[in-house]
Amino acid sequence: MIDPVLQTIMGAFGSLGFALLFRVRGKFLIIAFLGGLLSWGTYCIAGNFVGHEALQYLVATTVLTLYSEALARLLRCPSTIMLVTGWIPLIPGGALYYSISALVQDNMAVFVDRILHTFLLMIAMSAGVLIGMTLVHFITPLRPHRKHEKQA
């Protein structure tokens, strides 16, 4: 197993690479790098406290969503810039690979087990985003819209 610190750094560089691919520029590149660092770092730390991989994904995605939403409000930009690039290290590519590998090898019992596990991880990630955004909307007070009145 690779050292979690090295994994976290590589996850951050993965996020940075995808940010470049998505043509993110300026200060948002650093924010994307930090988002990847935060998401995979949280995943690794959560592994010490929770007993299931799906819960690690849930915690990491919730923290990433809170980070993205907070920066979006601070920088007055869409949260998807930070959320999508920070999500890159969390994509369950290994789980999907092993699922498809079992399918190709015609091992249906393993395929079903692996694909259900992959879906569980994806559901945990989606739930993490939902929880994070819901928390932000509960915490952030609603501001009434001001109508622009014409002055004579």
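Where is the place of R23? In this predicted model, R23 sits in the loop between α1 and α2. The backbone there is worth a look in your viewer, since R23 is not a glycine and yet has a positive phi of about 60°. R23 is also exposed, because its relative accessible area of 68% is over the 50% cut-off.

Another loop shows a similar backbone feature. D106 is found between α5 and α6, and phi of D106 is near 60°, again a positive value in a residue other than glycine. With a relative accessible area of 61%, D106 counts as exposed.

Let us now go from the loops to the interior. In soluble globular proteins, nonpolar side chains tend to be buried together. Here the largest nonpolar core has 14 residues, and A19, V24, F28, I31, Y67, L71 and M82 are those with the most contacts inside it. Three helices, α2 (27-46), α3 (53-75) and α4 (80-87), each supply at least two residues of this core. A second, separate core has 11 residues, among them C44, A60, L90 and A95. To get a feel for the largest core, try centring on F28: leaving out residues up to four places away in sequence, F28 touches L75, C77, I81 and M82.

M82 brings us to helix α4, where the buried residues are M82, L83, T85 and G86. The cover over these buried residues includes α1 (4-21), α2, α3 and α6. T85 makes a good example, for T85 lies in α4 and has a relative accessible area of 1%, so it is buried. Not counting residues up to four places away in sequence, T85 touches S15, A19, F22 and A32. In sequence T85 and A12 are 73 residues apart, but their C-alpha atoms are 9.3 Å apart in space.

How do α3 and α4 pack against each other? Two packed helices are described by the angle between their axes and the distance between the axes. For α3 and α4 the angle is about 150° and the axes are 8 Å apart; the two helices are therefore roughly antiparallel to each other. The crossing in which α3 passes α4 is right-handed. On the α3 side the contact uses T61, L64, T65, Y67, S68, L71 and A72, which meet M82, L83, G86 and W87 of α4. Sorted by class, this contact has 7 nonpolar and 4 polar residues, and no charged residues.

The spacing of those α3 residues invites a general remark. An α-helix has 3.6 residues a turn, so residues three or four places apart point the same way.

One of the α3 residues in that contact, T61, deserves a closer look. Is T61 buried or exposed? At 0% relative accessibility, T61 counts as buried. Leaving aside neighbours within four places in sequence, the contacts of T61 are W87, L90, M125, G128 and V129.

Next comes the packing of α3 with α6. These helices pack at an angle of about 35°, with their axes 7 Å apart, and their crossing is right-handed. The residues of this contact divide into 14 nonpolar, 7 polar and 3 charged. Further along, I131 lies in α6 and is partly exposed, with a relative accessible area of 37%. Apart from neighbours within four places in sequence, I131 is in contact with L58 and T62. The C-alpha atoms of I131 and Y98 are separated by 29 Å, with their positions 33 residues apart along the chain.

Y98 leads to the last helix pair, α5 (residues 93-104) and α6 (residues 108-139), which pack at an angle of about 160° with their axes 8 Å apart. These two helices are therefore roughly antiparallel to each other, and α5 passes α6 in a left-handed crossing. From α5 the contact draws on A95, L96, Y98, S99, A102 and L103, while α6 brings M108, V110, F111, R114, I115, H117, T118 and L121. By class, the contact of α5 with α6 has 10 nonpolar, 3 polar and 1 charged residues. The loop between α5 and α6 is where D106 is found, which returns us to the exposed loop residues of the opening.

Technical notes
Residues numbered from 1 in each chain as written. Predicted model: local features only at pLDDT ≥ 70, side-chain atom pairs only at ≥ 80, totals over all residues. Heavy atoms only, no water. Core = buried A, V, L, I, M, F, W, Y, C linked by side-chain atoms within 4.5 Å. Buried < 20%, exposed > 50% of the residue type's maximum accessible area, 1.4 Å probe, protein only. Helix = DSSP H or I, 4+ residues; strand = E, 2+ residues; numbered from the N terminus. Contact = heavy atoms within 4.5 Å. Axes fitted to C-alpha atoms, helices over the stretch in contact; angles between N-to-C directions. Parallel < 35°, antiparallel > 145°, perpendicular 65-115°, else oblique. Left-handed = near helix turned anticlockwise from the far one by under 90°. Nonpolar A, V, L, I, M, F, W, Y, C, P; charged D, E, K, R; others polar.
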